[in-house]
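The following exercises introduce a protein chain through worked solutions. Please study the sequence and the structure before reading each solution.

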Amino acid sequence: MALTMKDTFYISHGAPTLAIDESIPARHFLQSWKDKVFPQKPKAILVISGHWDTSFPAVNTVHRNDTIYDFYGFPDSMYKLKYPAPGAPELALRVKELLMASGFKRVDEDRERGLDHGAWVPLMLMYPEADIPVCQLSVQSKRDGNYHYNLGKALAPLKDEGVLIMGSGSAIHNLRALRMVDGIVPWALEFDTWLKDALLQGRYEDVNCYQEKAPHAKMAHPWPDHFYPLHVAMGAAGENAKAKLIHHSWQLGSLSYASYQFNSAS
C-alpha cells in the first residue's frame with residue numbers, strides 16, 4: 001500500500017539566519033515538525049522554492065544534493081552548514097511527466113543544481129537526518145498566480161505516491177521595507193490578514209488574483225517569486241482543500257512567517 005499524503009504545505013522561510021538563530025520563533029516551529037505538525041515520514045519531498053526562478057519549469061535531477069549558499073554577508077558559520085539529502089531523480093522525471101501531460105510544453109532538467117536555502121534551511125530543521133530524497137521545482141516569476149496554481153494542480157497525483165509537496169517562500173517579502181522596529185507596520189498587517197482570511201475561507205481564486213484583490217499587494221511582494229510557491233501548494237491540494245494557519249510570527253516590522261497547511265481529505 002503506497003503512503004498517501006493528504007496535505008501540502010507553504011512555509012515562510014524568512015531570513016537565512018533561521019538556520020542558526022535560536023531567537024526566531026519559526027525555527028522552533030520547524031524543529032517541532034515531526035512531533036506536532038506532520039508525523040508521517042514522506043517517501044520523497046518536492047520543494048518549490050522562491051529562490052529558483054526560471055523562464056520555464058525546471059527540476060533538478062541529481063543523485064546527491066549539494067548545499068547552495070545563495071546569500072551574502074551572513075556569519076561564517078552559515079557557510080559551513082551542510083544538508084546532504086539524497087537527490088530524487090526519479091521524482092524529478094515524474095514531475096516533468098505530469099507537467100507535460102497537463103499542457104506545460106517545456107520542462108527543463110538541471111543535472112547539477114543542489115538545494116538552495118529556501119529548501120535546505122527549513123528542511124534542516126524539519127528533517128535533520130537528511131535521509132529523505134529531495135527534488136526542487138522552479139517558479140516562473142514572469143507568469144501569474146493562476147499559472148502556478150495550475151502547476152500545482154498537475155502535481156496532485158504525487159500525493160498518492162508518498163511525496164510531500166512543500167512551497168517555500170515568504171507570506172510577505174519586501175527586503176527593502178525591513179526595519180528594526182517594535183510591532184508590525186500597518187500595510188504588512190493588512191496584507192497578511194487579507195491573505196489569512198482568503199485562505200481560511202477557501203477563496204483560492206482571490207489569492208490567485210491577489211495583485212488585483214489584495215491590499216498593498218505590490219508593497220508586500222515587489223517581485224512575486226516568494227509568493228508563487230503558495231499557489232503551487234494550493235493547486236496541488238485542490239479546490240476543496242481546507243487551509244489551516246500552522247505558524248505565525250514576525251520579524252523586522254514586515255517579514256511575515258505565516259505558514260499554511262492545505263488538507264485535501266474529503
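**Exercise 1.** Does Ala130 count as buried or exposed, judged by its relative accessibility? Determine also where Ala130 is found and what is notable about its phi.

*Solution.* The model is a predicted one.
Step 1. The loop between helix 4 (117-126) and strand 5 (134-139) holds Ala130.
Step 2. A residue is buried when its relative accessible area is under 20%. The relative accessibility of Ala130 is 10%, so Ala130 counts as buried.
Step 3. Most residues other than glycine have a negative phi. Ala130 is not a glycine, yet its phi is positive, about 55°.

**Exercise 2.** Carry out the corresponding analysis for Leu252, giving its location, its exposure and its phi.

*Solution.*
Step 1. Leu252 lies in the loop that links strand 8 (250-251) and strand 9 (255-256).
Step 2. Partly exposed residues fall between the limits of 20% and 50%. With a relative accessible area of 28%, Leu252 is therefore partly exposed.
Step 3. Leu252, which is not a glycine, has a positive phi of about 55°.

**Exercise 3.** Describe the surroundings of strand 10 (residues 259-263) by identifying the strands joined to it.

*Solution.*
Step 1. Of the 5 residues in strand 10, 4 are buried, and the strand is thus described as mostly covered.
Step 2. Strand 1 (residues 7-12) runs antiparallel to strand 10, and 4 bridges join the two. One position in this pairing is Phe9, whose bridge partner in strand 10 is Gln261.
Step 3. Strand 7 (residues 242-247) is likewise antiparallel to strand 10, with 5 bridges between them. Here Lys244 stands opposite Gln261.
Step 4. Taken together, Gln261 of strand 10 is the bridge partner of Phe9 and has Lys244 opposite it.

**Exercise 4.** How many helices and strands are there in the chain, and why is the chain described as being as compact as a globular protein of that length?

*Solution.*
Step 1. The chain contains 10 helices and 10 strands.
Step 2. Its radius of gyration is 17 Å, close to the 18 Å that the globule rule gives for 266 residues, so the chain is as compact as a globular protein of that length.
Step 3. Along the principal axes, the C-alpha trace spans about 50 × 45 × 35 Å.
Step 4. Buried residues account for 58% of the 266 residues. Among contacts with a separation of 6 or more, 79% are between residues 24 or more positions apart.

Note on methods. Residues are numbered from 1 along each chain as its sequence is written. This is a predicted model: local features need pLDDT of at least 70, side-chain atom pairs count only at pLDDT 80 or more; totals for chains, interfaces and linings use all residues. Side-chain values use heavy atoms; hydrogens and water are left out. Helices (H or I, at least four residues) and strands (E, at least two) are DSSP runs, numbered from the N terminus. The radius of gyration is taken over C-alpha atoms; the globule rule is 2.2 Å times the number of residues to the power 0.38. Buried means under 20% relative accessible area, exposed over 50%, partly exposed in between (1.4 Å probe, protein chains only). Contact means heavy atoms within 4.5 Å. Two strands pair if DSSP finds at least two bridges between them.
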